[in-house]
Structures are given as structure tokens and as C-alpha cells.
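Subject: Structure handover and what was found in it

Dear colleague,

I am handing over the structure we spoke about, with the sequence alongside. Please have it open while you read the notes underneath.

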Amino acid sequence: MTEAADTPLQPRGMLRAGLVFDFGAGHIYTVPPLALGDVELLQDRIAGLADRPMASAESVSTVIDAAHRALSRNYLCTREQVAALVDVGNMPDVLEAVMDIAGVKRRAAQAAEAAQRAAPGNAQAPADPGTAGAASTPA
């Protein structure tokens with residue numbers, strides 16, 4: 001592992017909304033979607049990902065560049081640091097996170113988190129007025 005992989009990324013200040021992503025080894029960062037200007041710059045390369053193997057040199061470079069541009073919106077980081085965080089196992093998920101332009105994955109993650117908080121046995125969960133007084137049956 002390189003020194004870049006061991007150096008935590010430093011926040012720029014208030015983090016932009018994004019997906020909380022676990023890169024492994026304790027490296028958990030909020031990955032905002034790419035800015036539209038970055039999408040414009042990378043659009044041909046991103047579109048080309050569908051035409052070549054994910055492990056090709058061009059695909060790897062594209063995912064690292066996209067991840068670097070996205071993470072740079074929230075953190076002070078070098079391309080080398082980002083390259084050390086992305087691996088063959090998380091590469092497709094990293095690309096999906098940086099391309100979450102519409103916030104679809106982020107909203108799904110927030111809904112899952114809210115559902116978990118509202119799960120039975122969670123004393124902090126707010127009551128659901130739609131089920132008040134309804135009979136429950138064991139699952």
C-alpha cells in the first residue's frame with residue numbers, strides 16, 4: 001500500500017451532499033456527484049466505458065479521473081490519493097457513486113437509513129400515523 005493510501009483526505013469545509021462510500025481500510029468519504037462541467041469534460045470517456053472492459057487502462061483512468069473530480073468537490077486530495085482508494089472490487093460502485101447526478105442512489109440510501117431507524121424496537125423511531133391502532137401479525 002502506498003503512502004497516499006494511508007493519508008486521510010481532508011475536508012474542504014462543509015461537505016456537499018453525496019453518497020457515503022466505504023473505500024475500505026477505514027476510508028469512508030462522502031462522494032458528491034460530478035459537477036456538470038466535469039461531466040461535460042469527461043462525457044466521451046464515460047460513454048466509452050460501455051464499449052470496453054472495466055479493467056482496461058482507459059476505463060481505469062476514466063474512473064479514477066471521475067472519482068478524483070467528484071471527491072475534490074468535498075476534500076483536498078490528489079489524483080494519486082484517489083487512485084489508491086479505487087480498486088478492481090469497488091470500481092463499478094465508485095463510478096455509480098460519482099454519476100449519481102440525479103441523487104437517485106443518495107435518496108435510496110437515505111430512505112433505507114430512515115426505514116432502519118423506524119424499525120420495530122427502535123425507541124427513537126417516530127410513530128407512523130398510518131398504522132396507529134392496526135393489528136399486527138408476527139412474521
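What follows goes from the overall layout to the aromatic residues, then to a pair of helices, and ends with three single residues.

Please keep in mind throughout that this is a predicted model. The protein contains six helices and four strands, and along the sequence these elements come in the order α-β-β-β-α-α-β-α-α-α. Of its 139 residues, 35% count as buried. When contacts between residues at least 6 apart in sequence are considered, 58% of them join residues that are at least 24 apart.

The aromatic residues are a good place to start, as the structure holds three aromatic pairs. In one of them, the ring centres of Phe23 and Tyr29 lie 6.2 Å apart and the planes meet at 50°, so this pair is classed as tilted, and both of these residues are buried. In another, the rings of Tyr29 and Tyr75 have centres 5.0 Å apart with planes at 70°, and because an angle over 60 degrees counts as edge-to-face, that is how this pair is described. The pair of Tyr29 and Tyr75 links distant parts of the chain, since Tyr29 belongs to strand β3 (residues 28–31) and Tyr75 to strand β4 (residues 75–76), with their positions 46 residues apart in sequence. Tyr75 is buried, as is Tyr29. Taken together, Phe21, Phe23, Tyr29 and Tyr75 form one aromatic cluster.

Turning to the helices, α2 (residues 36–47) packs with α3 (residues 57–71) at an angle of about 165°, and their axes are 10 Å apart. An angle over 145 degrees counts as roughly antiparallel, which is why α2 is described in that way relative to α3. The crossing of α2 and α3 is left-handed. On the α2 side the contact is made by Asp38, Leu41, Leu42, Arg45 and Ile46, while α3 contributes Glu58, Ser61, Thr62, Asp65, Ala66 and Arg69. Sorted by class, this contact of α2 with α3 has four nonpolar, two polar and five charged residues.

Two residues of helix α4 may also be of interest to you. Leu85 is placed in helix α4 (residues 79–85), and because its relative accessibility is 7%, Leu85 counts as buried. Leaving aside residues up to four places away in sequence, Leu85 touches Leu9, Phe23, His27, Tyr29, Leu71 and Asn90; among these, Phe23 and Tyr29 are also members of the aromatic cluster described above. The C-alpha atom of Leu85 is separated by 9.1 Å from that of Ile64, a residue 21 places away along the chain. Glu80 lies in helix α4 as well, but at 54% relative accessibility Glu80 counts as exposed. From C-alpha to C-alpha, Glu80 and His68 are 8.8 Å apart in space, and they are twelve residues apart in sequence.

The last residue to look at is Ala25, which is found in the loop between β2 (19–22) and β3. Most residues other than glycine have a negative phi. In Ala25, however, phi is near 55°, a positive value in a residue that is not glycine. Ala25 is exposed, with a relative accessible area of 65%.

With best wishes

Methods
Residues are numbered from 1 along each chain as its sequence is written. This is a predicted model: local features need pLDDT of at least 70, side-chain atom pairs count only at pLDDT 80 or more; totals for chains, interfaces and linings use all residues. Side-chain values use heavy atoms; hydrogens and water are left out. Rings of Phe, Tyr and Trp (its six-membered ring) pair if their centres lie within 6.5 Å; planes under 30 degrees apart count as stacked, over 60 as edge-to-face and the rest as tilted. Buried means under 20% relative accessible area, exposed over 50%, partly exposed in between (1.4 Å probe, protein chains only). Axes are lines fitted to C-alpha atoms, for helices over the stretch in contact, and angles run from 0 to 180 degrees between N-to-C directions. Angles under 35 degrees count as roughly parallel, over 145 as roughly antiparallel, 65 to 115 as roughly perpendicular and the rest as oblique. A crossing is left-handed if the near helix is turned anticlockwise from the far one by less than a right angle, and right-handed if clockwise. Contact means heavy atoms within 4.5 Å. Ala, Val, Leu, Ile, Met, Phe, Trp, Tyr, Cys and Pro count as nonpolar, Asp, Glu, Lys and Arg as charged, and the others, Gly among them, as polar.
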